Each structure stands twice: as structure tokens, then as C-alpha cells.
Amino acid sequence: MTSFIPSLFSRMEFIGATKVAVSEQPVNALHLAKKIAEAKSLKVLRKGVAPDRIIHANPCKASALIEYANDNNTFLALCLFCQGVRMMTFDSAEELEKIAKHLANPELVLRIAVSDPTASCPQIGKYGADPAAIAPDLLMQALELGFSVAGVSFHVGSGCKDPSAYRVALKHARNLVDFGRKLGHVMKIVDVGGGFPGGDHHPSFEQMASIIRSVIDEYFPDNDVRFIAEPGRFFVDHPCTLVVNVIARKAVNVKHGETATTHMHYYVNDGVFGCFNCIVYDHVLKCGRPLFSRKTESFTSTIFGPSLDSIDRIEQNKVMRALDVGEWLIYEDMGAYTAAIATTFNGFARPTPVHVVSERIWKILGLAGNNNKN
Ligand SMILES: Cc1ncc(COP(=O)(O)O)c(C=O)c1O
């Protein structure tokens, strides 16, 4: 993977998006900065990521976070910005004014609104300034407030299905880089956000990379812009597999006129309030299979999660071999927008992560002979 990415994306730097897989503590208004320092920023910084490789990509931030960011003298010195992270996005005049009130020298990145309406999670107008009607005005306002804008960012929607959305976005970015530079802004960064594929139900990474690379070469032939991407799903989805246990089963007679067939109901120990929240929030259908093969009769089957809520259904009317209580189902590509969003609703614990590395990869990582396998 590591050698594969640069070969497809010679001019792109990759920054992992933390929201996809890192589970964060709940944050309330009073403890916002403290919690962010504890729950999020430190995790990133402690992993040795240099501050200039971190971008706070939320264009609508709480004042407390920005305010504390300026305070180098308290325990909040652990906060992202105090550690030297100054790159942050904005998409409105209001956010610019808020940042101006609290922080002297941010590295501002203008988030523009672009969208692949066919993405698994299309953008719905929550973030991003209209690239033609609003963004140029924001660049002028930033100048009036004494800021030099560092660049442009966008996110075409998570689980992009139409890579031509990147072409449209990069064209807008080009126009805004030109306009901003004429005003005197630095405009040296273009952040193409996320949207890259996880499992098989999206265009391949190679397809997307090839489109993005050729558009970058077309619109940005000079090597004077730093391109960054923030893939989330791409890094974490495929490596994670979820295995669930059958905790109960029922054979249900379904009548079709005069005849009846047996339909199996299985209840497993994770559901839509846990890792399978992706069915609701990430708009994906998941298809599991028995972990072990065994010759048993096949039935149309429905798989439910463990909670008492009837919405808690994972799969419906699939034909599958009969399983006994205690058997396992395996679901692949379960790393993105799953455990990070899982709740403990109805008293059910989140799954326990188990790290598995093949001997081959272990050797490639140079860990052979290392007894500390944590
Ligand atoms: C600003 C930003 N960057 C990156 C990501 C990661 O996106 P994806 O998982 O589609 O790669 C997200 C997630 O929606 C995001 O909001």
C-alpha cells in the first residue's frame, strides 16, 4: 500500500482523517477544549505527527477551541493549536470574524462546496462556500481582516461514486488560487479532502487517482501548490473485519397461500446501534457469511442486532445455511464509520478490537524477533 500510493499520486500528500476510525470521547460545551486536547489532539500528536501535517478541517469551530488555542500558559497548551497546529478551514464571514477575535496567525484554508450527489454520503450544503458566488468575497473579507489565506479545500462526499466531481472541484480551486493570489493571498495549498473508496462498492482507488492526477497536471502544471488529501474510509475500511456471534435464533413459519416455508431469524451480538450503525448513517448494505463452512440446510434468513429496538436489523431475506446459537458470522470491510460511531445503547458493549498481522506482513514491517507485539 505505501509504495502503491505515491506511484499513483506523485504530487499528493496524504493526511489520515481522524473522525472515521478513532473513537472520541463525548464533548460538551464546557469541557470542549480540554476534551479535545485529551481525546483527539493528543492522540494525533503523540503518534508523532508533525503539527504542520495536521489540519483542523471543520469550518465551523467552537470559539472555545480557538480561544484556548491561543493560551500557551495553561494545561490547554496541549491543545492542537498550541502545539503549533495552525492550519484550519473556514467557509463563512462569521467564522473568519470568530477566528480573527481569537487567533493571531492561523493558516486559513477556504472550504468550498462541491458535491458528488451519487456519493454514499453526499454533501448536503452543511459545509463549504459556493465557489463562484461566495468564495471570492470571502477571500476579500479575509484580506480586510488582515489574514493571508493559505489555500482551498473541499470534500466531494464520502464514498464518492463519480470521480468527475474532483475535476469540477479542482477547476474551482484553480480559479480561486488565481483570484486569491491576485489579491495578495499565499494560496499555496489545495486540500482535496476525502471521498476515496473503502470496499468494493465504489470506483477503484486507481480510477480516482488517475482522474485526479490528470486534472492536477492539467490545471496546476507549475509545481507551486502543495496538494494534500484526507482519506478516511480508504485507509481503515478494508483492514477491519467484524465477527459477530449468534446469540439466539428462531424458526418462523411464513405462509404463502396454502403453503408455508420456514424463515430463520438470527439475533447477533452487534447491531445498528453498534458497528452496524453504518447501515443507517453511511447508507451501506452489509453482507455477512458464516465464518466456518458446514453442511446444513439453507433458509431465507433475517439477521437482527441484539437490542430491543425493531429498527435493529442488519440483513433481511438472505439465503444462508442454517446456523446454531454460538456460531459466527463474518462481515468484511467494517473499519470505516463503524466502531467510531457505535453506541452502548440498551447496555450492549462495543466490540473488542483484536489486532491480527500475518507472518508475512510482520516480517515486512521488520518486527520479526520483536517480542513486544503490542
Ligand atoms: C473534512 C473531512 N476530511 C476527510 C474526511 C474523510 O472522508 P472519507 O472517509 O470519505 O475519505 C471527512 C469525512 O467525512 C471529512 O469531513
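## Helix packing, sheet order and ligand shell

Ser164, Tyr166, Arg167, Leu170, Lys171 and Arg174 of helix H6 are in contact with Ile211, Ile212, Val215, Ile216 and Tyr219 of helix H7. By class, this contact between H6 and H7 comprises seven nonpolar residues, one polar residue and three charged residues. The model described here is a predicted one.

Two packed helices are described by the angle between their axes and the distance between those axes. H6 spans residues 164–183 and H7 spans residues 205–219; they pack at an angle of about 25 degrees, and their axes lie 9 Å apart. Angles under 35 degrees count as roughly parallel, and H6 and H7 are therefore roughly parallel to each other. The crossing of the two helices, H6 and H7, is right-handed.

The model also contains an open sheet of six strands with mixed pairing, in the order E10-E13-E8-E9-E11-E12. Strands E10 (289–290) and E12 (313–321) stand at the edges of this sheet; each has a single partner strand, so one side of each is left without a neighbour in the sheet.

Strands of a sheet pair through backbone hydrogen bonds, in either a parallel or an antiparallel sense. Strand E9 (residues 259–268) pairs with strand E8 (residues 242–256) in the antiparallel sense, over ten bridges. E9 is also joined to strand E11 (residues 298–304) by five bridges, and these two strands run parallel. Individual bridge partners involving E9 are listed below.

| Strand pair | Residue | Bridge partner |
|---|---|---|
| E8 and E9 | alanine 248 | tyrosine 267 in E9 |
| E8 and E9 | valine 254 | threonine 261 in E9 |
| E9 and E11 | histidine 265 | threonine 302 in E11 |

E8 and E9 form a hairpin with two residues between the strands, and in this hairpin glycine 257 takes a positive phi near 60 degrees.

A further element of the model is the ligand and its surroundings. Around the ligand there are 16 residues, of which Ala17, Ser158, Gly194, Gly232 and Arg233 come nearest. The shell around the ligand divides by class into seven nonpolar, six polar and three charged residues.

In summary, the H6 and H7 helices are roughly parallel to each other, and their crossing is right-handed. In the sheet, E9 has an antiparallel pairing with E8 and a parallel pairing with E11.

Methods:
Residues numbered from 1 in each chain as written. Predicted model: local features only at pLDDT ≥ 70, side-chain atom pairs only at ≥ 80, totals over all residues. Near = placed C-beta within 6 Å. Nonpolar A, V, L, I, M, F, W, Y, C, P; charged D, E, K, R; others polar. Pairing = 2+ DSSP bridges. Helix = DSSP H or I, 4+ residues; strand = E, 2+ residues; numbered from the N terminus. Axes fitted to C-alpha atoms, helices over the stretch in contact; angles between N-to-C directions. Parallel < 35°, antiparallel > 145°, perpendicular 65-115°, else oblique. Left-handed = near helix turned anticlockwise from the far one by under 90°. Contact = placed C-beta atoms within 7 Å.
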